[in-house]
Amino acid sequence: MIRVFVVFILIFSQMIYAKIPERFSSSKYCVGCHAQQGKDWKSTWHSRSNIKTNPLYKKTLEYISSMTYKSVDDLNVNCGQCHSPKMGVKKLDYSYAISQAFGIKTKETEKIHKEIDNETANDGISCIICHNIADIKKTHHLDERGFEAVTFGPSDVMSGPFKESHRTTYHKMAQKSFFREDVNTLCKVCHAGYKEKGVYFYTTGLEYDSVKSDQKCVDCHMSQHEKSIIAPIVTGKVKAIERETRRHLFKGARNSDILKSALKLQSSKNNGTLVLDLENITPHKLPTGFTGREIVIEVSFFQKSKYINTLTKRISTLYVDKHGDETLAYIAAKMDSDTRLSPYEKRTYKLKIPAGTTQAEVAIWYRLVKKSLVPLLNIKDPIFLKKYPILNINIAL
């Protein structure tokens, strides 16, 4: 009994609980006024950043757990720094894993479970995550990300690009520069980069900074400014007004055609060789983000309608463990290779044309999870298995 008591003293001295009023605990309370923004957001990975709604995230945590002997709960809380910044629990002591292993349950363990599995935690990167930020650390380190890189304001104050409006009744408003002039700062709270035991990954922000681009993340991943009504409800006799807004799509391969504007391809023939000039026209690497993604180039050769063969090039990263076996970046000993396209890089591929070829078909497509990682993670969801097309052209030879 004494040992059990000591274990729980260790556990609960390190729990931090965030108190969020019910009416700000979920995006479902926001969509009544902000229907279009809510509809857009529902199509994004931001809305599926948690263990209950994202199969890849769940499988990733389970795989890491099996390789490190850390509990899935512990990993979920740690990754929740970005995946669920308003999760009530901020840290789990190792002794919590022991209590779980021995099936020890108390009111406190149940309280922890409720905080990990509550409505706010399961709502992903919802409205209140970004719009409740009061301040962002200007020079945060890579180990200060997510909730550690920001200061949240009172729950009833929503930050944004606009000043307080007398129409606002449900919440107050605070105008912040990081929603307009300095908007990339907001994105880099979670997307700047991460380093674990000397291994870098999720480095979209670092990639962007390396080329000193003045392009805004939101220009591509949200939309250009457009005139719209943010909350098209009438408060008393006060009508809503049009303002310059952006769509809340946070575009990716799954919910948009953003990939088709990310690459340019030119082809030519030179002494029996097919020359492909591929250009990344984005200010970050391609692919970027989750380190298991890949771009595949398939060049199929034909003699009229008769198929000859296909040559394949893969653009991705390879992370390996201490034995040299492929693994995920989070627990890797090193990045063994990186064939991704650097920001604004132009790369040439030269392919020998088989004898008798009259035409070639070039197909470039994108995978959310590269083929070699699918069995490792036991991925079944078709969202992560399908090919997302980027370019497809026929070349007469």
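At the N-terminal end of helix H3, asparagine 54 acts as the cap: one of its side-chain oxygens sits 3.0 Å from the backbone nitrogen of leucine 56. This comes from a predicted model, and the same goes for everything below. Helix H3 itself runs over residues 55-68, which makes 14 residues. From the first C-alpha to the last, H3 reaches 20 Å, close to the 20 Å expected at 1.5 Å a residue. Just after H3 comes tyrosine 69, with a positive phi of about 65 degrees.

Quite a few residues of H3 are tucked away from the surface. Leu56, whose backbone nitrogen takes part in the cap, is buried, and so are Tyr57, Thr60, Leu61, Tyr63, Ile64 and Ser65. What covers these buried residues? Among the covering elements are helix H4 (72-83), helix H11 (374-377) and helix H12 (382-385).

Zooming out, H3 belongs to a protein chain with twelve helices and 17 strands. The C-alpha trace of this chain spans about 75 × 65 × 35 Å along its principal axes. Of its 397 residues, 42% count as buried. As for how the chain meets itself, take the contacts with a separation of 6 or more: 66% of them involve residues 24 or more positions apart.

On the outside, the protein chain exposes about 21,100 Å², and carbon and sulfur atoms supply 55% of that area. Charge is the last item here: the chain carries 61 positive and 41 negative side chains. The centres of these two sets lie 3 Å apart.

How values were computed:
Residues are numbered from 1 along each chain as its sequence is written. This is a predicted model: local features need pLDDT of at least 70, side-chain atom pairs count only at pLDDT 80 or more; totals for chains, interfaces and linings use all residues. Side-chain values use heavy atoms; hydrogens and water are left out. Helices (H or I, at least four residues) and strands (E, at least two) are DSSP runs, numbered from the N terminus. The expected span of a helix is 1.5 Å times one less than its number of residues. Buried means under 20% relative accessible area, exposed over 50%, partly exposed in between (1.4 Å probe, protein chains only). Contact means heavy atoms within 4.5 Å. A polar contact is a pair of N or O atoms within 3.5 Å; within protein, one must be able to donate a hydrogen and the other to accept it, and residues adjacent in sequence count only if both atoms are side-chain atoms. Accessible areas come from the Shrake-Rupley method with a 1.4 Å probe; for residues, only the protein chains shown count as cover. Lys and Arg count as positive and Asp and Glu as negative; His and the chain ends are not counted. The place of a charge is taken as NZ of Lys, CZ of Arg, CG of Asp or CD of Glu.
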